[in-house]
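Here is a friendly briefing to read alongside the sequence and the fold. Please keep both in view as you go through the points below.

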Amino acid sequence: MRVALLPSAYAPAVGGVEELTSRLAHRLLDSGDDVEVWTIRHPPVLPEDDEVDRVRVRRFLLPMPRMSARALVSFPRESRRALATLVAAAEEFRPDVVHVQCFSANGAYAMPLANRLRVPLVVTLQGEAVMDDMDIYDRSLALRLALTRAGRKAAAVTACSRFVLEDAEARFGLAPGRGRVIPNGVELAEGVTAEPLSLPFER
């Protein structure tokens, strides 16, 4: 398969979604699949086209509506230009599936992209709306509507935990039974066995 992974951030940024996407990309490559990572170009000085540890990484400017008259006037033109750059990448790579990791502007643009390409869209929720320290999902109507629509239109929706999945059902209208919990995996060193973990807040 040819898989386009669309995380909200990627190396050189450091974090959970970046590490998860990197490991997923390498596992797919090692299995014989073709993989590219398409992510948000932040900061804008990062190269548009890059290679990070065997993985081709393309970075895109993906604007979202901002609350100012000038920004609202310019947004339609900027968003069309952004989608066109994604379409150009897709015409070159020809993905069989578009997989969003951690929904943000990446997810908002992935929906029309997958629709235009007529390929399945997979959305994986990583708790972005739960651990939203900037309240972006409360402040951005566009992002809320995009996530709600993605939950209805995607070929598959997964969440890293039951809590995250239930939050998507309660706050973003994801139909019960529509999503599936797939916990993030861990790679154990050879010869190491997993042991039960007792967390301080468990009773």
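Let us begin with one residue: Leucine 121 touches Val98, Val100, Ala110, Met111, Ala114, Ala154, Ala155 and Ala156, leaving out residues up to four places away in sequence. Please keep in mind that this is a predicted model. From here we can look at the cores, the sheet, the helices and a few single residues.

**The nonpolar cores**

- The largest nonpolar core has 43 residues, and Leu121 belongs to the group that touches the most other members, together with Trp38, Phe103, Tyr109, Val123 and Leu125.
- Two or more residues of this core come from each of strand E1 (2–7), helix H2 (69–93), strand E5 (97–101), helix H3 (105–117), strand E6 (121–125), helix H5 (141–153), strand E7 (156–159) and helix H6 (162–172).
- Which of these elements gives the most to the core? That is H2, with eight residues.
- Another core, of 11 residues, lies apart from this one, and its members include Tyr10, Leu28, Val57 and Val122.
- As a general point, side chains in a regular strand alternate between the two faces of the sheet.

**The sheet**

- Eight strands form an open sheet with mixed pairing, in the order E3-E4-E2-E1-E5-E6-E7-E8.
- At the edges are strand E3 (49–52) and strand E8 (179–181), each of which pairs on one side only.
- From one strand to the next, the twist averages 25°.
- E3 and strand E4 (residues 55–60) run antiparallel and are joined by four bridges; valine 52 stands opposite valine 55 in E4.
- E1 and E2 run parallel, again with four bridges between them, and here valine 3 is opposite valine 35 in E2.
- Because five of the six residues of E1 are buried, this strand is largely enclosed by the rest of the structure.
- The pairing of E6 with E7 is parallel over four bridges, and leucine 125 has alanine 159 in E7 as its bridge partner.
- E7 also runs parallel to E8, to which three bridges join it; alanine 159 has valine 181 in E8 as its bridge partner.

**The helices**

- Helix H1 (residues 16–30) lies across E1, strand E2 (34–40), E4 and E5, and it runs at about 175° to E1.
- H6 lies across E6, E7 and E8, running at about 160° to E8.
- H3 has 13 residues, which should span 18 Å at 1.5 Å a residue, and its end C-alpha atoms are indeed 18 Å apart.
- Buried residues of H3 are Ala105, Asn106, Gly107, Ala108, Tyr109, Ala110, Met111, Leu113 and Ala114.
- Just after H3, arginine 118 takes a positive phi of about 60°.
- H5 also has 13 residues, and it reaches 18 Å from its first C-alpha to its last, close to the 18 Å expected at 1.5 Å a residue.
- Which residues of H5 are buried? They are Leu143, Ala146, Leu147, Thr148, Ala150 and Gly151, and their cover includes H3, E6, helix H4 (136–139), E7 and H6.

**Arginine 58**

- Is arginine 58 buried or exposed? Arginine 58 counts as buried because its relative accessible area is 7%, under the 20% cut-off.
- This arginine sits in strand E4.
- Beyond its neighbours within four places in sequence, arginine 58 is in contact with Glu36, Val37, Trp38, Thr39, Glu48, Asp49, Ala89, Glu92 and Phe93.
- One of these contacts, tryptophan 38, is 20 residues away in sequence, yet the two C-alpha atoms are 4.8 Å apart in space.

**The cysteines**

- How many disulfides does the model have? The count comes to zero.
- Why is cysteine 102 not bonded to cysteine 160? The closest cysteine sulfur to that of cysteine 102 belongs to cysteine 160 and is 9.2 Å away, too far for a bond because a disulfide needs the two sulfur atoms within 2.5 Å.
- Cysteine 160 is likewise in no disulfide.
- Cysteine 102 is itself buried, with a relative accessible area of 14%.

Note on methods:
Residues are numbered from 1 along each chain as its sequence is written. This is a predicted model: local features need pLDDT of at least 70, side-chain atom pairs count only at pLDDT 80 or more; totals for chains, interfaces and linings use all residues. Side-chain values use heavy atoms; hydrogens and water are left out. A nonpolar core is a set of buried Ala, Val, Leu, Ile, Met, Phe, Trp, Tyr and Cys residues joined through side-chain atoms within 4.5 Å. Buried means under 20% relative accessible area, exposed over 50%, partly exposed in between (1.4 Å probe, protein chains only). Contact means heavy atoms within 4.5 Å. Two strands pair if DSSP finds at least two bridges between them. Axes are lines fitted to C-alpha atoms, for helices over the stretch in contact, and angles run from 0 to 180 degrees between N-to-C directions. The expected span of a helix is 1.5 Å times one less than its number of residues.
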